[in-house]
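Please read the points below alongside the sequence and the coordinates.

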Amino acid sequence: MIYLADTANCDQIRDLIKYYPIEGVTTNPSLLAHEGIPLSKAIPAILDCIGDKMIHIQTISENAEDILREAKIYREVFGLKSNFYAKIPVTREGYRAISLVKDSGINVTATAIFTQQQAMMAANAGADFVAPYVNRLDNIVSHGIEVVSDIVKGIKMYGLKTRVLAASFKNVDQVYRVSLTGCHSVTLSHEVFLALMSHPMTDRGVQDFERDGSQIYDIKI
Ligand code: G3P
């Protein structure tokens, strides 16, 4: 399973990259709005931090032709290559856009997915990634992990190349349980990333090692 950062905050991205080899960054209009920086400035700043790692940028147009135009404009304006994924919400027009954008040579991440069938249909339409929202499902007394698990099974069963990019996590347990489904990738907030990387028993163990080592580690380093 690979790990991406779900944030448009460059300080957070830099902090994560310093400590962990993330595979890329996913953004959406809400994450970008939260930073209060216009898209034209936010994406180049993120690219400065991540180089040629994956960047997923969501389209906001309604109809398929406009979504295609929008994705092409982002590719050109930001000078993007094969690391660019146009994130397309799975509306009716979104499904139509997935094949159009794929045919134009741009990678596609189908997003805002809440059911196994939305994911299967997006995969059949040609999406490279499908992004189910785990915590948002859990919040409506549904089961995010089960939906991810059903999607992973469906993709394997039908031999599709699409990868599952599970999104919308609020805690470590959701990520752990998603990883047991065979999910290909997750995109996580800075907060969930840090929670995954730390454990009080690890800190306690390291403190003990430092105390004991200081007595007998006598080689100058
Ligand atoms: O990538 C989609 C994700 O950002 C949604 O997360 O936390 O807004 O449910 P959240």
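The points that follow go from the whole chain to a patch on its surface.

1. It should be kept in mind that this is a predicted model. The protein has 11 helices and 8 strands in its secondary structure, and its C-alpha trace extends over about 70 × 40 × 30 Å along the principal axes.

2. Of the 221 residues in the protein, 44% are buried. The accessible surface is about 12100 Å², with carbon and sulfur atoms contributing 54% of that area. Among contacts with a separation of 6 or more, 58% link residues 24 or more positions apart.

3. The 8 strands form a closed barrel with parallel pairing, in the order E1-E2-E3-E4-E5-E6-E7-E8, and from one strand to the next the twist averages 30°.

4. Within the barrel, strand E7 (residues 163-166) pairs with strand E8 (residues 185-188) in the parallel sense over 2 bridges, and Ala-166 is found opposite Val-186 in E8. Elsewhere, helix H4 (residues 64-77) lies across strand E3 (54-58) and strand E4 (84-89), and the helix runs at about 155° to E4.

5. On the surface, Tyr-19, Tyr-20, Val-172, Leu-194, Leu-196 and Met-197 make a nonpolar patch of about 500 Å², to which helix H10 (residues 190-197) gives the largest share, 3 residues.

6. Where does Val-172 of this patch sit, and is the residue buried or exposed? Val-172 belongs to helix H9 (residues 172-179), and because its relative accessibility is 32%, the residue counts as partly exposed, a class that lies between the limits of under 20% for buried and over 50% for exposed.

Notes:
Residues are numbered from 1 along each chain as its sequence is written. This is a predicted model: local features need pLDDT of at least 70, side-chain atom pairs count only at pLDDT 80 or more; totals for chains, interfaces and linings use all residues. Side-chain values use heavy atoms; hydrogens and water are left out. Patches are made of residues with over 30% relative accessible area and no salt bridge: like charges are joined within 9 Å, nonpolar side chains (Val, Leu, Ile, Met, Phe, Trp, Tyr) within 5 Å. Accessible areas come from the Shrake-Rupley method with a 1.4 Å probe; for residues, only the protein chains shown count as cover. A salt bridge is a side-chain nitrogen of Lys or Arg within 4 Å of a carboxyl oxygen of Asp or Glu. Helices (H or I, at least four residues) and strands (E, at least two) are DSSP runs, numbered from the N terminus. Buried means under 20% relative accessible area, exposed over 50%, partly exposed in between (1.4 Å probe, protein chains only). Two strands pair if DSSP finds at least two bridges between them. Axes are lines fitted to C-alpha atoms, for helices over the stretch in contact, and angles run from 0 to 180 degrees between N-to-C directions. Contact means heavy atoms within 4.5 Å.
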